[in-house]
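Student: Could we go through this structure together? I would like to learn where the labels come from.

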Amino acid sequence: MRFSFLNLAKQALSAHRHWPEQWRFPEPKAAYDAIIIGAGGHGLGTAYYLAKEHGLRNIAVLEKGWLGGGNTGRNTTIIRSNYLWEESQGLYEHSVKLWENLSSELNYNVMYSPRGVMMLAHTVHDIQVFKRHVHANRLQGIDNEWLTPEEAKEFCPILNISPNMRYPILGAALQRRGGTARHDAVAWGYARAASAMGVDIIQNCEVKGIRRDPSGAVTGVETTKGFIGTKKIGVVAAGHTSVVMGMADVRMPLESYPLQALVSEPIKPIMPCVVMSNTIHAYMSQSDKGELVIGAGTDAYTSYSQTGGLHITTHTLDAICELFPNVRRLRMLRNWGGIVDVTPDRSPILSKTPVKGLYVNCGWGTGGFKATPGSANVFAHTIAKDEPHPINAAFTIDRFKTGRLIDEAAAAAVAH
Amino acid sequence: MLLIPCPHCGNRPELEFRYAGEAHIARPADPSTTSDQEWAEYLYFRSNPKGLHIERWRHVSGCARFFNCVRDTVSDKILKTYPAGQPKPDLAELVKEAGQ
Ligand SMILES: Cc1cc2nc3c(=O)[nH]c(=O)nc-3n(C[C@H](O)[C@H](O)[C@H](O)COP(=O)(O)OP(=O)(O)OC[C@H]3O[C@@H](n4cnc5c(N)ncnc54)[C@H](O)[C@@H]3O)c2cc1C
Ligand SMILES: [Zn+2]
């Protein structure tokens, strides 16, 4: 059922008790034309675009937990496209363009809010790096501008620009089209729209093995709900990518780290934008509920524990209290961790693999939420056509062999 | 925060250490005959296991020495640490000892 004014009025007559389920809960069929492993935003989006743009309707998304329960439901939702290299700008900007229309495309309010993302510079090195980003972006027609500390404070009035800070603010790069969206709504919106086109989303179904024929091509997956046949598998398993790819004997250039976030008690609106600081490891925005959403850096060591050390979040709060002195007496309500898959060059992999019929979308590390629609869109193309879309052609596994890395360490060094 | 038993100094808080990635990855002995694929494996590809991981740590704020550590990446429990240069321990043996 579409969300519309008419349906809203009709449902109101029965006190909203008769809205249908937003997606189906099917049991797996014996075989599908394609299987996506992982029902995060990227996996669900991939299924959506496979159905919508490539006419593949006999497909399934397999999820070991509940849909959107991975990093999609744990992230701090910052969206921006101010990356350094043309390859990345193409990919992230494709995504920002899709965000702009996503709510109406999915008939689901993903609450995309381009409220501006401001990245603070605290050192001469920061200034040089961010100005380089500003110029590189503007050459590609992507908005990004340099602000003085006073202009930064005008944009975000609670910011402390005192020269007496431990790391004073020397300026900032601002992308006005950057912002946030509602994380869960992205997963739910894609799930609902994909399910309506016939995509089977199967939750509580963990993939345990990948079966291949003597030629090496994939023939299906072993799951906790039995064997399911298919000739095409898209792995979109974020922190668990190395584990899943290991089932097909493919080693990956990935390491999985815990990444944490926390939220404060809800308060009246005090913050109109997103502020990030790579140098002192903190970033913050305010959700529509009023909670301050705060993100930390990754823990030092690889782990699948989905928790992180308390000293990491404490360190982040030190920085937050210095940047925004008026939040010092707020209480923190919750903190949590996700497991992020990090590549050596901090750019994702959206690629065919050495195994026939096996495709992988991973390596989004600390910053893949912003890319959800764009990534899903070009990954669906890659699976359907068995070749990459021009936008993701450079994001291969092979680049680690050829040396054509896409080094975004400066754009992605802190979690976002 | 992890409590890490430095093989030289004993139990110390994680803050005194720096993580240094997967252990027992040897630099290719003869660079001139090493293929691109082998370089890539050495530089970038990692086992990243969900389970026992053998990794290097450096006790930067203590003895400053590198050492190796076997840690379960699901529970973050450390099963063993040993000085750099010693051979890889038998993981099956370690699991038995830990009674897991
Ligand atoms: C604390 C935190 C803050 C972040 N902040 C930001 C931010 O501000 N901006 C930004 O752009 N990005 C951010 N990110 C990164 C972002 O969350 C991720 O890059 C993105 O959500 C990845 O989406 P995904 O769909 O690939 O992965 P996920 O949502 O993690 O989905 C992968 C799914 O695969 C499933 N799976 C794994 N193994 C199997 C298996 N064997 N069988 C079946 N299913 C399996 C998992 O259960 C999971 O649901 C943050 C991440 C964290 C943890
Ligand atoms: Zn020591």
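Student: What makes a residue count as buried here, and what percentage of the 100 residues in chain B is buried?

Tutor: Happy to help! Keep in mind that this is a predicted model. A residue is called buried when its relative accessible area is under 20%. By that cut-off, buried residues make up 36% of the 100 residues in chain B.

Student: What is the order of helices and strands in chain B?

Tutor: Chain B has 2 helices and 6 strands, and along the sequence they follow the pattern β-β-β-α-β-β-β-α. The C-alpha trace of chain B spans about 45 × 30 × 20 Å along its principal axes.

Student: Which atoms coordinate the zinc ion (ligand 2), and how do you know that they are donors?

Tutor: They are SG of Cys6(B), SG of Cys9(B), ND1 of His59(B) and SG of Cys63(B), at 2.0 to 2.3 Å. The cut-off for a donor N, O or S atom at this metal is 2.8 Å, so these atoms qualify. In sequence, the donor residues are spaced C-x2-C-x49-H-x3-C.

Student: What do Cys9(B) and Cys63(B) link?

Tutor: This pair links distant parts of the chain, 54 residues apart. Cys9(B) sits in the loop between strand E1 (3-6) and strand E2 (10-13) of chain B, while Cys63(B) sits in the loop between strand E4 (52-58) and strand E5 (66-72).

Student: Why is the arrangement around the zinc ion (ligand 2) called tetrahedral?

Tutor: Four donors count as tetrahedral if all angles lie between 85 and 135 degrees. The 4 donor atoms here subtend angles of 106 to 118 degrees, so the arrangement is tetrahedral. For comparison, the ideal angle for four tetrahedral donors is 109.5 degrees.

Student: Why is Cys9(B) called partly exposed?

Tutor: Partly exposed covers the range between the 20% and 50% cut-offs. Cys9(B) has a relative accessible area of 27%, so partly exposed is the right label. Cys63(B), at 26%, is partly exposed as well.

Student: And over in chain A, is Glu291(A) buried or exposed, and how do you know?

Tutor: Glu291(A) has 8% relative accessibility, and therefore counts as buried, since buried means under 20%. Glu291(A) lies in the loop between strand E15 (282-286) and strand E16 (292-298) of chain A.

Student: Which residues does Glu291(A) touch?

Tutor: Leaving aside residues up to four places away in sequence, Glu291(A) touches several residues, including Val263(A), Glu265(A), Pro266(A), Leu333(A) and Arg334(A). A contact needs heavy atoms within 4.5 Å.

Note on methods. Residues are numbered from 1 along each chain as its sequence is written. Chains are lettered from A and ligands numbered from 1 in the order in which they are written. This is a predicted model: local features need pLDDT of at least 70, side-chain atom pairs count only at pLDDT 80 or more; totals for chains, interfaces and linings use all residues. Side-chain values use heavy atoms; hydrogens and water are left out. Helices (H or I, at least four residues) and strands (E, at least two) are DSSP runs, numbered from the N terminus. Buried means under 20% relative accessible area, exposed over 50%, partly exposed in between (1.4 Å probe, protein chains only). Donors are N, O and S atoms within 2.8 Å of the metal (3.2 Å for Na, K and Ca); water is not among the atoms, so sites may look incomplete. Four donors count as tetrahedral if all angles lie between 85 and 135 degrees; four count as square planar and six as octahedral if opposite donors are over 155 degrees apart and all others between 65 and 115; anything else is irregular.
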